[in-house]
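Trainee: I have a model open and would like to talk it through with you. Shall we take it step by step?

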Amino acid sequence: MANNEDQFKKVVSHAKEYGYIFGSSEIYDGLSAVYDYAQNGVELKNNIRDYWWRSMVHMHQNIVGIDAAILMHPTTWKASGHVDAFNDPLIDNKDSKKRYRADTLVEDYAEKLNIKAQKEIAKAKKRFGEAFDEEQFVTTNPRVVGYLTKKKDVLERLARSLDNEDLADVKSLIEELEIADPETGSRNWTDVRQFNLMFGTQLGASAESATKLYLRPETAQGIFVNFLNVQKTGRMKIPFGIAQTGKAFRNEIVARQFIFRMREFEQMEMQFFVRPGEEMKWYDYWKETRLNWHLSLGLGAENYRFHDHEKLAHYANAAADIEFNFPFGFKELEGIHSRTDFDLKAHEKYSGKKLQFFDPELNESYVPYVVETSIGLDRMFLAVLSHSLQEETLDDGSTRVVLKLPSVLAPVKAAVLPLVKKDGLQEIAQKIVDELAWDYNVSYDEKDAVGRRYRRQDAAGTPFCITVDHQTKEDNTVTIRDRDSMLQERIPISEIAGKIKELVSVRNWLS
Ligand code: GAP
């Protein structure tokens, strides 16, 4: 499925057609990189959030949750470094009026060099067959050495210029490499400028007295400023964690790829507070634990990989991404960061309040170190949706579109279908719906022939179809059809709930 543009287009249109995602304010032609979750989308999103919350908060006795406000005291963002450093370097093309991230333009150039080198290697591999010594070839073939050395030099110079905040040199690099606007080919560039990604707003009625606020760009800071409140009121002992889910906002320069990079999105974050010096042990623990959470959903181990960061953010001493194989290739889905004591220390400094833990075992107070797990809910949604959308050719040669969502996450767990709209079958089906609705989100569907209804439910991702037919009237049994295998079995009405429970219970999936 990787790098499959067609598959990605299908995911986007399927998401709209089956009530998962709409563009925001579509009747006004939409708002760039802002999306609305529709009737099925909101259920899937809630289920993903719930699956995360239960595994992180309910299943860990030393992790509790909070729900902090989106608006925070503006000094928060000074302390966290976001006011000064949450920037991307941007560049405009004067002819096309298109805006780009300057660093991404250079990185894309470097990647092209890499692709050229890989092509040479692949060609040589084919030519030499068994006798091919890749290591020797990569270090001696002049073309490959040339491409890879240039790639390294370009990336190193970019990193140096950005570290030194030498934006003029970033522009010189773009000019020297003759990088053109990817859409128009023009090389008529403006200077490179830093652009802060935080959305600003105002608190207060009149322009003079208003205070400048920001919409939070990450949920983590709401946890840091509440660290001591939670520790004291929850009588938490280190190591312990605080989890939170909620909206975050970033004025991304280039937002594309549907809900992968949005301007308003949702994060699921957990900050784990540990003894200084023990952070690497917990960092490894959380890398493994989070990967296992992903694997529990059955989207295929081959679709995940770790990417350890070489260049670290100012607050981190180790960081890794869990990348997922999206239709446009492997990309970051979740980050695990060892954030040291950077944030708590900064908040101590700016607030003048101590944010320390008295460790009775060590008989001393210290500012804890923090290991963070941070996943985008919308990105997780896209991972699940894009992996689940499949087209199958059946034994009779016909095709079906099926959304094989993990049943624990499916928006609607079962659709109840009366075979025909007469003979009292509708009433029985409605009664089954009313009973199941106490525990599960279920739907009733009587329109069209039953075969078409099955296909509709397959495409919407409903794991079970329960059909009420004439035999139901005789012996109180129904057929239950499995979305993935399409197999049907006949069971008593009294066993439907148990059957659904077995296949959608969080317990069975997580454990
Ligand atoms: N508190 C740490 C933090 O915010 P991050 O790597 O900037 O780290 C964490 O973001 C996760 O949030 C990412 O792995 C991604 O899943 C999600 N995310 C970040 N920016 C996003 C955007 N513009 N749209 C959708 N999801 C985004």
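**Walking through the model**

Trainee: Let's begin with threonine 477. Leaving aside neighbours within four places in sequence, which residues is threonine 477 in contact with?

Mentor: Good place to start, and keep in mind that this is a predicted model. Threonine 477 sits in strand β22, which covers residues 477-482. Once the neighbours within four places in sequence are set aside, its contacts are Gln471, Thr472, Arg490, Ile491, Pro492 and Ile493.

Trainee: Does threonine 477 count as buried or exposed?

Mentor: The cut-off to apply is 20%, since buried means under 20% relative accessible area. Threonine 477 has a relative accessibility of 11%, so the residue counts as buried.

Trainee: Which side chain makes a polar contact with the side chain of threonine 477?

Mentor: Look at the side chains around the start of strand β22, residues 477-482, where threonine 477 is found. The polar contact there has a distance of 2.7 Å, and the partner of threonine 477 is aspartate 475.

Trainee: Arginine 490 was in that contact list. With which residue does arginine 490 form a salt bridge?

Mentor: Arginine 490 is partly exposed at 31% relative accessibility, whereas its partner is buried, with a relative accessible area of 13%. The closest N and O atoms of the pair are 2.4 Å apart, and the partner is aspartate 469.

Trainee: How many residues apart in sequence are the parts that this pair ties together?

Mentor: Arginine 490 belongs to strand β23 (residues 488-492). Aspartate 469 is in the loop between β21 (464-468) and α16 (470-475), so the bridge ties together parts whose separation in sequence is 21 residues.

Trainee: Now to arginine 400 and aspartate 458. What is the N to O distance in their salt bridge?

Mentor: Both ends are buried: arginine 400 has 2% relative accessibility, and aspartate 458 has a relative accessible area of 0%. Their side chains meet in a salt bridge with an N to O distance of 2.8 Å. The pair links distant parts of the chain, with arginine 400 in strand β18 (residues 399-403) and aspartate 458 in helix α15 (residues 450-460), 58 residues apart. To come back to your value, the N to O distance is 2.8 Å.

Trainee: In the salt bridge of lysine 345 and aspartate 341, is lysine 345 buried or partly exposed?

Mentor: The side chains of lysine 345 and aspartate 341 meet at 2.7 Å, N to O. Aspartate 341 counts as buried at 13% relative accessibility. Lysine 345 has a relative accessible area of 44%, so this residue is partly exposed.

Trainee: How many salt bridges does the structure hold?

Mentor: Besides the pairs we discussed, there is a network that links Arg275, Glu278, Lys281, Asp359 and Glu361. Over the structure, the number of salt bridges is 41.

Trainee: Let's turn to the domains. How many salt bridges are counted between domain 1 and domain 2?

Mentor: The domain assignment gives domain 1 as 1-66 + 214-388, domain 2 as 87-196 and domain 3 as 412-510. Contact between domain 1 and domain 2 takes 5 residues from domain 1 and 9 residues from domain 2. Residue pairs in polar contact between domain 1 and domain 2, both at pLDDT 80 or more, number 0. For salt bridges between these domains, the count is also 0.

Trainee: What area do domain 1 and domain 2 bury between them?

Mentor: The size of an interface is often given as the accessible area lost when the parts come together. Here 68% of the buried area is on carbon and sulfur atoms, and the area itself is about 580 Å². By class, the side of domain 1 that touches domain 2 has 2 nonpolar, 1 polar and 2 charged residues. So the value you asked for, by that definition of buried area, is about 580 Å².

Trainee: Where is lysine 98 found?

Mentor: Lysine 98 touches Ile91, Asp92, Asn93, Asp181 and Glu183, not counting residues up to four places away in sequence. At 35% relative accessibility, lysine 98 counts as partly exposed. Its place is the loop between β4 (87-92) and β5 (99-101).

Terms used:
Residues numbered from 1 in each chain as written. Predicted model: local features only at pLDDT ≥ 70, side-chain atom pairs only at ≥ 80, totals over all residues. Heavy atoms only, no water. Domains from an automatic or database assignment. Contact = heavy atoms within 4.5 Å. Buried area = accessible area lost by both parts, 1.4 Å probe. Salt bridge = Lys/Arg side-chain N within 4 Å of Asp/Glu carboxyl O. Polar contact = N/O pair within 3.5 Å; in protein donor to acceptor, adjacent residues only side chain to side chain. Nonpolar A, V, L, I, M, F, W, Y, C, P; charged D, E, K, R; others polar. Helix = DSSP H or I, 4+ residues; strand = E, 2+ residues; numbered from the N terminus. Buried < 20%, exposed > 50% of the residue type's maximum accessible area, 1.4 Å probe, protein only.
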